[in-house]
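Here's a quick walk through a two-chain model for anyone who likes to check numbers against coordinates. Have a viewer open and follow along.

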Amino acid sequence: MTILQAFLVGCVSGLSVIEGKIFGECKLREPVVTGFLVGLILGDMKQGLIIGASLQLIWMGAVAIGPTPGLDIGTGGTIGTAVALMTNSGIEVAMAFGVPVSILMQFLDTLIDTAYSGPMHYVEKLIDLGNQEKKIAWVHHLCTIIYFVSHAVLTFVVVFFGNSMIEAIVTNMPAWMNTGLGGVAKLLPALGFALLLHLLLEFDLIPYFILGFCLAAYLKLSMVAVAAITIALAWIMFQIKSSQKTAVETESEEEL
Amino acid sequence: MSEIVNAKYGITKKDMRQIYWRSFTLLGSFNFETMEGLGFLYAIQPTLRKIYADDEDGYKAACHRHMAAFNMTVAPSPLVMGITLAMEQMAKENENFDVTSINAVKVSLMGPLSGIGDTFFWGIFRVIACALGVSFASYGNPLGPFVLLLAFNIPNFLTRYYGLKVGYSNGTTLLTSLQKSGAMQLFTYCAGIVGVAAVGCMVASWIGITSPLAFEISGNVIEVQSYLDEICPELLSLIATLIIYACLKKKIKITRIILAIIAVGFVLGVTGVIA
């Protein structure tokens with residue numbers, strides 16, 4: 001890996017993090033995107049996309065909801081894909097590096113978010129001073145810039161200086177290690193879908209979960225087919241429920 | 001020349017565009033104390049300045065007001081910004097206006113709008129966008145990332161644009177009427193139907209945990225997986241998902257769950273129970 005490639009991979013990682021800061025969570029962090037970019041930089045776009053797609057499935061449910069930062073799938077995906085491409089290996093290696101990195105970086109993000117309450121008090125002072133709009137804006141932007149630089153530099157260091165170390169680890173990995181990691185790779189996507197269920201599922205909605213599962217498991221219908229069927233169903237439910245509501249309303253009006 | 005949106009304060013379409021673009025940086029200075037507070041202030045500050053052009057103290061008070069803790073899903077946040085500015089104008093015009101109601105409205109919107117926003121943007125749009133992206137990228141098609149970004153960002157950009165517009169012009173009346181009629185809840189519920197069914201479908205088609213275990217009993221090879229398939233295809237994937245879901249329900253920390261999955265998955269993988 002050349003220094004330029006390592007630098008660019010670092011930038012991908014930085015970009016994937018500030019996506020959620022200043023680009024309105026536009027999803028540059030998703031492994032399909034970072035995998036594509038890392039693949040382009042390292043000269044194997046196709047493999048980058050394939051690894052990105054596998055990591056994407058693992059992190060399908062990696063959602064950041066509420067004030068706590070979620071898994072740092074941007075940095076994790078970037079480093080995971082880069083290591084796998086550097087060592088000509090597959091998803092097992094990408095996962096073995098990407099998953100721990102995404103967890104470790106989550107801790108770093110938590111740390112930074114804690115430290116950032118300091119500058120907020122400075123902004124309160126600036127407001128009292130008056131006419132400090134430019135400085136206030138800069139405090140806001142500097143917070144983002146620090147995020148970009150810290151993640152980009154860390155990624156650069158890992159993929160550039162960690163190169164030989166990583167290769168040694170990967171080539172000396174015993175077979176049982178591989179089958180073990182294969183098992184982890186199979187189980188982890190279940191976490192993603194469990195997280196989604198946790199987000200969406202209410203007691204009333206359980207029948208639709210069963211329906212979606214059965215349509216795909218027994219009838220082998222595609223995602224699009226299941227989506228079309230359930231949209232139709234949701235539409236029907238909307239009509240039934242809103243007509244029920246108006247019926248109840250007119251009834252109570254008649255009583256009056 | 002920019003079109004005038006509010007003649008009294010000289011607020012133009014250009015100002016609205018500025019809020020729109022600045023709303024993308026909402027999380028830029030996220031912190032655990034004020035969360036998106038500074039991001040919110042940054043987005044509306046130039047317009048606040050115009051509203052309080054002749055009232056320095058009012059302006060400072062308003063700035064402090066919007067530094068207060070604020071946190072919500074980012075895509076619908078311009079709606080709150082629009083409503084907030086409409087209320088700030090009311091506050092400027094009417095001395096008896098209770099300014100604490102501005103933050104009260106912001107806080108009261110955080111919960112429900114985040115709930116809806118999370119369902120749509122994290123639960124539905126992201127899942128659909130990623131699913132489309134994966135379906136291209138998994139065989140190395142470079143369309144994957146572009147399809148993903150487009151599928152997610154078209155609703156993202158549109159929600160912001162119309163949210164700001166509707167929030168500012170229809171102001172406070174909008175959400176109370178929607179909430180009163182109950183249409184918002186019903187709409188979210190029906191969206192949940194599609195979302196939950198999509199998760200069920202993905203559990204069945206995308207996890208694919210199988211067991212390579214096989215026993216030989218008096219010359220007959222018994223493959224565990226074929227028996228499992230008799231009961232229900234993709235049974236192991238379903239069980240794994242439901243166990244993890246149960247852990248989440250019990251409010252076990254995600255990092256712990258991940259560590260447990262890594263440990264369990266590794267052991268099951270090495271021993272050849274799952275593959």
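What follows goes from the whole chains to their contact, and then to a few local spots.

Before anything else, keep in mind that this is a predicted model.

**The two chains**

Let's start with chain A. It has 11 helices and zero strands, so to speak a plain run of α-α-α-α-α-α-α-α-α-α-α along the sequence. Chain B mixes things up a little, with 10 helices and four strands. Its order along the sequence is β-β-α-α-α-α-α-α-α-β-β-α-α-α. With a radius of gyration of 25 Å, well over the 19 Å that the globule rule gives for 275 residues, chain B is more spread out than a compact globule. For chain A, the radius of gyration is 24 Å, while a compact globule of 256 residues would come out near 18 Å.

Here are the overall figures for each chain:

| Chain | Box along the principal axes (C-alpha atoms) | Buried residues |
|---|---|---|
| Chain A | roughly 80 × 65 × 25 Å | 48% of 256 residues |
| Chain B | roughly 95 × 40 × 35 Å | 43% of 275 residues |

How do the contacts spread along the sequence? In chain A, take the contacts between residues at least 6 apart in sequence: 68% of them join residues at least 24 apart. In chain B, residues 24 or more positions apart account for 65% of the contacts with a separation of 6 or more.

Chain B also comes with a domain split: domain 1 covers 4-193 and domain 2 covers 209-270. Taken over C-alpha atoms, the centres of these two domains of chain B are 42 Å apart.

**Where the chains meet**

How many residues does each chain put into the contact? Chain B gives 89 residues and chain A gives 90 residues. On the chain B side, helices H2 (37-51), H3 (56-66), H5 (100-137), H6 (143-181), H7 (183-207), H9 (235-249) and H10 (254-270) each supply at least two residues. H7(B) brings the largest share of that side, with 18 residues. By residue type, the side of chain B that touches chain A splits into 54 nonpolar, 29 polar and six charged.

**One face of H3(B)**

H3(B) is worth a zoom. Its buried residues are B:Tyr59, B:Ala62, B:Cys63 and B:His66. Which part of the helix do they line? Looking down the axis of H3(B), the buried residues fall within an arc of 100 degrees, so they line one face of the helix. The cover over these residues includes helix H6 (117-129) of chain A, along with H2 and helix H4 (77-93) of chain B.

Just before H3(B) sits B:Asp54, in the loop between H2 and H3 of chain B. B:Asp54 has 8 C-beta neighbours inside 10 Å and counts as exposed. B:Asp54 and B:Asn71 are 17 residues apart in sequence, and their C-alpha atoms are 30 Å apart in space.

**A hairpin in chain B**

Now for some strands. E3 (residues 214-217) and E4 (residues 220-223) of chain B pair in the antiparallel sense over four bridges. One of the pairings puts B:Ala214 opposite B:Glu223 in E4(B). The two strands form a hairpin with two residues between them, and B:Ser218 in the turn has a positive phi of about 40 degrees.

**Loops of chain A**

Most residues other than glycine have a negative phi. That makes a couple of loop residues in chain A worth a look. A:Glu25 has a positive phi near 50 degrees and lies in the loop between helix H1 (3-22) and helix H2 (31-42) of chain A. Is A:Glu25 buried or exposed? With 22 C-beta neighbours inside 10 Å, A:Glu25 counts as buried.

A:Asn131 isn't a glycine either, and has a positive phi of about 55 degrees. This residue is found in the loop between H6 and helix H7 (133-161) of chain A. A:Asn131 is exposed, with 9 other C-beta atoms within 10 Å.

A:Ser89 is in the loop between helix H4 (73-86) and helix H5 (91-115) of chain A. A:Ser89 has 19 other C-beta atoms within 10 Å and is partly exposed. From A:Ser89 to A:Tyr218 there are 129 residues in sequence and 34 Å in space, C-alpha to C-alpha.

Conventions. Residues are numbered from 1 along each chain as its sequence is written. Chains are lettered from A and ligands numbered from 1 in the order in which they are written. This is a predicted model: local features need pLDDT of at least 70, side-chain atom pairs count only at pLDDT 80 or more; totals for chains, interfaces and linings use all residues. Domain bounds come from an automatic or database domain assignment. Two residues are in contact if their C-beta atoms, placed from the backbone, lie within 7 Å. Ala, Val, Leu, Ile, Met, Phe, Trp, Tyr, Cys and Pro count as nonpolar, Asp, Glu, Lys and Arg as charged, and the others, Gly among them, as polar. Two strands pair if DSSP finds at least two bridges between them. The radius of gyration is taken over C-alpha atoms; the globule rule is 2.2 Å times the number of residues to the power 0.38. A residue is buried if 20 or more other C-beta atoms lie within 10 Å of its own, exposed if 12 or fewer, and partly exposed in between; C-beta atoms are placed from the backbone. The arc is that of the directions from the helix axis to the C-beta atoms.
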